[in-house]
Amino acid sequence: MTDGRTDTGCLACDLSAGRAPLPGGTVLRTGGWVVEHCVGPFGAGTLVVKPVRHVVHVAGLTAGESGALGPLLQRVSAAVTEVMSPEQVYVCLWSHAGGVPGHIHFVVQPVGAADLTRFDAFGPALQVAMGRAGCFPDAAEVERVCDRLREALGPTGPADPTR
């Protein structure tokens, strides 16, 4: 289910390894997981939580990765709530690239009334509408938001032994 690769065939791996541009840089790295700003069209403050190693199925997570996931998603969601003040924070799994299972990642997306009104949608339909609109956040805004999110998340803890 996993192949451990970090080659250029995976955008998620390339972003983490610095082989692809990542506005905002790494926000947090802890317990086999990395948190980065989303490079998709889901707005400023939308983060991605993904395993450091290449994993394409939740069933392929180790016990340690799985055990760290819930608390990390809660911590990241709390930071997004603090910094972005949304009405709701969506947390969802994405894992397809071109219709083929890819590096799993959890999207942590702040959603406010302006998003719901602008796209006249909510939930998965909102994400589809945002994707179709293709409005990517400004890189300078992403940098500012990531600085605030790093501060809200606090110290990153010990270095990740898998890197």
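**Note on the predicted model**

1. S16 sits in helix α1. The model is a predicted one. S16 is buried, because its relative accessible area is 13%, and the cut-off for buried is under 20%. A125 lies 109 residues away from S16 along the chain. In space, the C-alpha atoms of S16 and A125 are separated by 28 Å.

2. Now the overall fold. The protein chain has five helices and five strands. Read from the N terminus, the order is α-β-β-β-α-β-β-α-α-α. So the chain opens with a helix and ends with a run of three helices, because the order is α-β-β-β-α-β-β-α-α-α.

3. Next, overall dimensions. The C-alpha trace spans about 40 × 35 × 25 Å along its principal axes. The radius of gyration of the protein chain is 15 Å. A compact globule of 163 residues would have a value near 15 Å, so the two agree. Buried residues account for 45% of the 163 residues.

4. Contacts over sequence distance come next. Take the contacts between residues at least 6 apart in sequence. Of these, 59% join residues at least 24 apart.

5. The largest pocket holds about 470 Å³ of space. Its lining comprises 24 residues, and those closest to the pocket centre are L11, A12, H96, H103 and H105. Five elements are listed as giving two or more residues to the lining: α1 (11-17), β2 (33-37), β3 (47-51), β4 (88-97) and β5 (100-111). β5 gives the most, with five residues. By class, the lining has twelve nonpolar, nine polar and three charged residues.

6. Helix α4 covers residues 123-133, and its buried residues are G123, L126, Q127 and M130. These lie on the same side of α4, because they cover an arc of only 95 degrees around the axis. P124 and R132 are exposed on the other side of α4. The cover over the buried residues of α4 includes β4, β5 and α3 (113-119). G134 follows just after α4, with a positive phi of about 60 degrees.

7. G43 belongs to the loop between β2 and β3. Is G43 buried or exposed? G43 counts as buried, because its relative accessibility is 19% and the limit is under 20%. Leaving aside neighbours within four places in sequence, G43 is in contact with H37, M130 and P137. M130 is one of the buried residues of α4. D115 is 72 residues from G43 in sequence, yet the C-alpha to C-alpha distance is 9.1 Å.

8. Two residues deserve a look at their backbone. Most residues other than glycine have a negative phi. S85 is not a glycine, but has a positive phi of about 50 degrees. S85 lies in the loop between α2 (63-84) and β4. S85 counts as exposed, because its relative accessibility is 61% and the cut-off for exposed is over 50%.

9. D120 is the other case. D120 is not a glycine either, and has a positive phi of about 50 degrees. D120 is placed in the loop between α3 and α4. With a relative accessible area of 72%, D120 is exposed.

10. Last, a glycine within a helix. G70 lies in helix α2. How exposed is G70? G70 is partly exposed, because its relative accessible area is 40%. R150 is 80 residues from G70 in sequence. The C-alpha to C-alpha distance between G70 and R150 is 19 Å.

Key: Residues are numbered from 1 along each chain as its sequence is written. This is a predicted model: local features need pLDDT of at least 70, side-chain atom pairs count only at pLDDT 80 or more; totals for chains, interfaces and linings use all residues. Side-chain values use heavy atoms; hydrogens and water are left out. On a 1 Å grid over the protein atoms alone, a cavity is a set of points where a 1.4 Å probe fits but cannot get out, and a pocket is an open set with protein on both sides within 12 Å along at least five of seven lines; lining residues have an atom within 4 Å of a point. Grid points are joined across faces, edges and corners, and a volume is the space filled by probe spheres set on the points. Helices (H or I, at least four residues) and strands (E, at least two) are DSSP runs, numbered from the N terminus. Ala, Val, Leu, Ile, Met, Phe, Trp, Tyr, Cys and Pro count as nonpolar, Asp, Glu, Lys and Arg as charged, and the others, Gly among them, as polar. Buried means under 20% relative accessible area, exposed over 50%, partly exposed in between (1.4 Å probe, protein chains only). The arc is that of the directions from the helix axis to the C-beta atoms. Contact means heavy atoms within 4.5 Å. The radius of gyration is taken over C-alpha atoms; the globule rule is 2.2 Å times the number of residues to the power 0.38.
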